[in-house]
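Hi,

Here is the structure I promised to pass on. Have a look at it first, and then read my notes underneath.

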Amino acid sequence: MKALHDFVKKFEPDHSNKLAHTTYDAFYTFLFQPDTVTKGGVHITDGMDLKRLMVHVVLALQLLYVFGTWNIGHQHFVALGQYNGFLEGFHLKIIYGLIQILPIFVVTHVVGLGIEFIYAARKGHSVEEGFLVSGALIPLIMPPDIPLVWLAVSIIFAVVLGKEAFGGTGMNIWNVALLARVFIFFAYPTTISGDEVWVAGIVKEGTEFYGATYGWAHGFFDWIFSGLGWSTFGEGGMAVADGWTGATPLGLAAKGGWDAVTQYYTESQIFWGNIPGSIGESSAPLIIIGMIFLMVTRIADYRVIVGGLIGFMVGALMLNAIAPPVLTDDTPGIFQFMAIHPLRQMIMGSFLFAITFMATDPVSSADTPTGKWIYGFLIAFIGIIIRVLNPAYPEGWMLSILLMNTFAPLIDHYVYQANVKRRVKRTAAMAKQRDELITKRIENPEIVSPSNV
Amino acid sequence: MKSFQRPAGLLSLLMLAAITLQSQADVGGSNLVFYGITALALLIFFFMIVSVADNFMVIESKAKGIDTDETNMGLFPRLSDLFSAKKADYLENEHVVTLKKGYDIPLEGEPAGSVDDTLNVTRFAVNPPDYYGLMPIPKMEVEVGDAVKAGDVIFFDKKLNRIKFAAPVSGEVIAINRGLKRSIAEVVILADKEQTSRKYDLPAADASRADLVDFLLDSGAWPVFRQRPYNVVADPDVVPRDIFVSTFSTAPLAADLKLSIAGREEEFQTGIDVLNRLTDGLVYLGLDGREPAPTAFSAVANAEKRYFRGAHPAGNVGVQIHHIHPAGPGENTVWTVDVNGVLLLGELFKNGRYSTERVIALSGAPLSQPRHVRTHAGANLGELLQDDSLTDNVRILSGDVLTGTQKGSEGFLEFYRSQVTVLEEGNEAEIFGWLLPLKPRASISPTIPTLSKFEATTNTHGEKRAFVVNNDYEQVMPMDIYTQQLMKSIMVNDFESMEGLGIYELVEEDVALAEFACVSKQPLQQILREGLNTMREQG
């Protein structure tokens, strides 16, 4: 190990080239925990540092990456009416998913980390770890067919204006990953909305959907698979299965409530997540595993998550109460949507993903324990209202989280003010207790004090 | 929130949700999952009924007055009973404060429980930098070569010139070492074999407070009083509201203060009586509530005793003050005295001599024999550790691993410390150390399990970052103070916030554990000291 360390140290560039040195330093501190020792202050420190904190969020996302990769392929083939079973054409689904997700992942990291490195070199500090998590989150919240140029532009926007402009990791007001998503959403509204974007490799001509033709990468794997005697991708370009619309459960729910959803999807399908959607948001059980992992390891604060779950239930039950008691076919879609049971609302869309991985970001969330309860509750409460009541787009988490990011300092401010007042009150109450004790003591002649000399 | 002590409330919520979901579900009876959920719901339902009945029983028993001693009358144990250690019987009628937050770092090298009286240390020093609030260059009263007795004045501050600082031992002044900018760092005394003390005319038992203060100032014993806020040597013109003494230390590898007063109980009592004469208010004694049986401190009279149960920093006097009656500027100024300070006062008033004798801990994993030794204030560290041949790659601290000062083997023990800690330096890179911590390290995070005691090193375990703080501070700060916000308001010099958020209640040692736990490796103690200095200049 010593030899390896010395070997790596040989490549250390001098400080004249800032970018080279920053880059080297980033990789060196990734490979090794540096040999720096404490100076002044505490002499031993906790083993937890920012890198370790961040990497645990990335770990919690790994199952979602695996599932998301498979689900991209699965949804694609289901749309084309092929390989409807979970394990049918498994190799094709995985490869198809990888071909979609790898470029997204690589572009995210090259662009995002590139900006981080340049800024770190310019400002003369070491590369901060914030983008470890943002970079892992961004691919999961993008539609699988996202054009890479848009992705790059949105990341530049999010990292430069959302983070570096405020001073880097730890200083940003808004969640960086969500800024990237919201940029895509508002900058390319016509193409990001609609039903067909949530399934990869489907093109729309007029009102008809077709599978896109496969590229050279698919051809390469076809060559391998045919050699192995396995099924292959083929040419592509075939028509989609009869009756396929690509609509997400939420899109259906917004129009016709739960009845409309169940025409296309079953409850368990929505729960397990083999439905169209953003890459990583769909599987409730895997997200719940990640949620429990983050809460147990205390990487994420349970207050935000539990507060969010409560807020969601309250908001959804409130909407249930507003909805008419008996639904008929003539009931407007919005009332049908309102009437959906809270737990069903919860497994549709990306609430669980958002509250677990987005809302708990320690930088942009509220700082105080009380504030975190309020913050989590309001995110979910406002989010469900945006989801159901906004006519344009049946989902609200990115908007409600960014809104609450904005208001988190305000929540904290009032918590601090309450603390200031509480402490003053407490001191006053204790002064009263002290007076009583002193009266008692003066009656005790055994104690010599200035007052009874 | 008392009803949440029992889990029935949460369970009933869950059950309601499950039942309403099932009522909407159109699943057939053949569905295994459906049966499973129904069975679970039924179980929860019955549990809820029993649990509600149980709650009623508890409430009723309280209302009827059957439950006089607050024991649990219910069928199920309370969650808090299951997970917290039982309170000892002798604490039944005492004031006990239980602190849930905090962390005991499980370090190897704890000092053994007996006192070694044989260690021979020849050099002692008075270190002016030990005392906060002085001018950097004090006025010296002695020169190299002078013979001094224990209690003789060595120097005094140019501004607070009534406070005299005394020699801890009798002997010959052999060196006056200077530090930065010609400030005086150490006044070294070579101790005599036979210790002699300066003679004192003790004030009468009914002497006025002013006379007593004058005597204490002149005697050299005054520096044992430290003043909160700011933790500076007490101002003689200020009458403290109360005086606080913590009789136990929870710091990592700290000395067992029970050993300090073994055989000196009367001196301790005399010291406490002296403290009573110095304040119109109360003398509070903070005691360790985790002790299984009453200690010698429990027998001390004429003081308000408060027991504290909890992990470090429960033994910090600052934490105790916070829970007893918070300190503040002006009329809320309080004094703190440590156990050795009380013993010094006791010796002075009972036996008429100046004695800084104290039991200190020599601890740390690199030592062959971590133990307690009897010595005097300001002992030379190298001589204290003479029985061990230490490598160059160790760090010798006066104090504990959280707040101590780094000294070489030529350094001297600081006045207010009763502990020397030796630590291995952590100047070795560790491959993927942040990801796969193979070498043991302490952490409050469950992702790094610390199963047994371990040898700590001084590695920083990460680099300094901007505050990205989840909930680490609040896990280790048993005070109603928002540490992170306070630190930020110090950094931007926001006086109003600093005051409101409680800077007056804190000194470095109180935030040391938060600094240890900080993910962003922020120097909280240094930030706090800067804040305190600014406040002091402004005030």
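**A covered helix in chain A**

In helix 5 of chain A, the buried residues are Gly130(A), Phe131(A), Leu132(A), Val133(A), Ser134(A), Gly135(A), Ala136(A), Leu137(A), Ile138(A), Pro139(A) and Leu140(A). That makes helix 5 of chain A a mostly covered one, with eleven of its eleven residues buried. Before you go further, keep in mind that this is a predicted model.

What covers the buried residues of helix 5 of chain A? The cover includes helix 3, helix 4 (90–123), helix 6 (148–162), helix 7 and helix 16 (351–358) of chain A.

**Two domains in chain A**

Now step back to chain A as a whole. It is split into domain 1, which takes in 11–36 + 46–187, and domain 2, which covers 249–453. Their C-alpha centres are 26 Å apart. The two domains touch, and the contact uses 31 residues from domain 1 of chain A and 27 residues from domain 2 of chain A.

Which elements give two or more residues to the side of domain 1 of chain A that touches domain 2 of chain A? They are helix 3 (50–79), helix 5 (130–140) and helix 7 (176–187) of chain A. Helix 3 of chain A gives the largest share of that side, with 14 residues. Sorted by class, the domain 1 side has 22 nonpolar, eight polar and one charged residues. So you meet helix 5 of chain A twice: its residues are buried, and it is also one of the elements on the side that touches domain 2.

**Where the chains meet**

Next, try colouring by chain. On the chain B side, 77 residues are in contact with 62 residues of chain A. Several elements of chain B give two or more residues to this side, among them helix 1 (8–24), helix 6 (265–278), strand 21 (430–431) and helix 14 (524–538). The residues on the chain B side divide into 31 nonpolar, 29 polar and 17 charged.

There is a nice detail to find here. Strand 1 (residues 32–33) of chain A and strand 21 of chain B run antiparallel and are joined by two bridges. If you want a spot to zoom in on, Phe32(A) has Ile431(B) as its bridge partner in strand 21 of chain B.

**Inside chain B**

Chain B has 14 helices and 21 strands, and 47% of its 539 residues count as buried. If you take the contacts in chain B with a separation of 6 or more, 69% of them are between residues 24 or more positions apart.

One sheet in chain B is good for practice. It is an open sheet of three strands in the order 4-6-7, with antiparallel pairing. Why is one side of strand 4 (139–140) and of strand 7 (164–166) left without a neighbour in the sheet? Both strands of chain B stand at the edges and have a single partner strand each, so one side of each stays free of a neighbour there. Strand 6 (residues 153–156) of chain B is joined to strand 7 of chain B by three bridges, and Phe155(B) has Phe165(B) as its bridge partner in strand 7.

Last stop: Ser389(B), in the loop between helix 9 (381–384) and strand 18 (394–398) of chain B. Is Ser389(B) buried or exposed? It is exposed, because just 7 other C-beta atoms lie within 10 Å, and the cut-off for exposed is 12 or fewer. The C-alpha atoms of Ser389(B) and Leu367(B) are separated by 8.6 Å, and the two residues are 22 residues apart along the chain.

Cheers

Note on methods:
Residues numbered from 1 in each chain as written. Chains lettered and ligands numbered in written order. Predicted model: local features only at pLDDT ≥ 70, side-chain atom pairs only at ≥ 80, totals over all residues. Domains from an automatic or database assignment. Contact = placed C-beta atoms within 7 Å. Helix = DSSP H or I, 4+ residues; strand = E, 2+ residues; numbered from the N terminus. Nonpolar A, V, L, I, M, F, W, Y, C, P; charged D, E, K, R; others polar. Buried ≥ 20, exposed ≤ 12 C-beta atoms within 10 Å, placed from the backbone. Pairing = 2+ DSSP bridges.
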